[in-house]
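I opened the notebook to look up charged pairs, cysteines and one helix. The entries below follow the order in which I checked them.

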Amino acid sequence: MTSLKSMLAFSTKTLAIIKKHSHVVYIKRTLLLSRLPPLRSTQGRLVNFGRQCSSTAATAEKGEDSFLKWFLLLIPATTFGLGTWQVKRRQWKMQLIAELQSLTAAEPIPLPIDPLELNNLEYRRVRVRGRYDHSQELYILPRSPVDPEKEAREAGRLSSSGETGANVITPFHCTDLGITILVNRGYVPKQKIKPETRMKGQVESEMEVVGVVRLTETRKPFVPNNDVDRNRWHFRDLEAMSRVTGTEPIFIDADFASTIPGGPIGGQTRVTLRNEHMQYIMTWYGLCVATSYMWYAKFIKKIKL
């Protein structure tokens, strides 16, 4: 123990002298270093092993800091890349919405009956002529009314109205094509769902209907299954609907101009495209700015965070 104390005292005194005369940056000694012989003579020179170990530790620490510095820079770089990607995604979505708006406002064409052709015509306006079969109405509910003009401007955003009701789906025999299809005549409030409450609109004469082609719909999470027995439909299942009514699996939304006075209100097409990319852009770019500042403050200005 006495020998160890003597070695510690001698080591401290020697390092103090070297530090004073050679301007060496002294790094705190450890107990392990203090146990080593502090000085050794090599070809007439004194070698400080403590200083060599400290220098090695400092080099290693500097290397670790350099790695951490450039590794953490990946965070603002990645968030900047994600923000830029969302900018491009928003441009693509806006273009897609504009294209759908042009389809729903285009001049109507005769309804094709080729299924392959119809699969490429969703949201396309078509024209049919024939008669409604009101005895087999189906009801998709609950639904809120769509303002046709607002729908055209805002590409599918829901109406702010708190009113709920149903969309009335009616078989329509196309006299010019010789087939029967399904037509979403439009919206009715809860108290008008039963046909006898809107007899004025239950016309049976031949007429022309302009509508928008719609394809079958996949049930979304939390949406109930269709109740065929109770005639309560919650999503558009063309196969099941056509099987129940004996029609072709062809479905159109009647436009507002096809509304029959006293009947369902047409123009209930919703272009269901989510466009939340601006929120994502603000989020990713905000994170980029915040993490960039933290990186600058930590590694450039050397501010303790």
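The entries that follow cover salt bridges, disulfides and a helix.

**Basis.** I am working from a predicted model, in which local features need pLDDT of at least 70 and side-chain atom pairs count only at pLDDT 80 or more, while totals for chains, interfaces and linings use all residues. Residues are numbered from 1 along each chain as its sequence is written, and side-chain values use heavy atoms, with hydrogens and water left out.

**Salt bridges.** I took a salt bridge to be a side-chain nitrogen of Lys or Arg within 4 Å of a carboxyl oxygen of Asp or Glu, and by this rule I arrived at ten salt bridges. I looked up Arg 214 and found a salt bridge to Glu 122, with the closest N and O atoms 3.4 Å apart. This pair links distant parts of the chain, 92 residues apart, with Arg 214 in strand 8 (residues 207-214) and Glu 122 in the loop between helix 5 (115-118) and strand 4 (125-132). For these elements I used DSSP runs numbered from the N terminus, helices being H or I with at least four residues and strands being E with at least two.

I then looked up Asp 253, which forms a salt bridge with Arg 214 at 3.1 Å between the closest N and O atoms. Asp 253 lies in strand 9 (residues 251-254) and Arg 214 in strand 8, so this pair ties together parts that are 39 residues apart in sequence. I noted that Glu 122, Arg 214 and Asp 253 are thus entered as linked in a network of salt bridges.

**Accessibility.** I used relative accessible area, with buried under 20%, exposed over 50% and partly exposed in between (1.4 Å probe, protein chains only). Arg 214 counts as buried at 7%, Asp 253 is buried as well, and Glu 122 counts as partly exposed at 24%.

I also looked up Arg 230 and Asp 227, whose side chains meet in a salt bridge at 3.9 Å, N to O. Here Arg 230 is exposed at 59%, whereas Asp 227 is partly exposed at 24%.

**Cysteines.** I searched the whole structure for disulfides, meaning pairs of cysteine sulfur atoms within 2.5 Å, and the search gave zero. Cys 174 counts as buried at 0% relative accessibility, and Cys 288 is buried at 11%.

**Helix 8.** I checked the 23 residues of helix 8 (residues 277-299), whose expected span of 33 Å agrees with the 33 Å between its end C-alpha atoms; the expected span is 1.5 Å times one less than the number of residues. Among the buried residues of helix 8 I noted His 277, Ile 281, Cys 288 and Trp 295.
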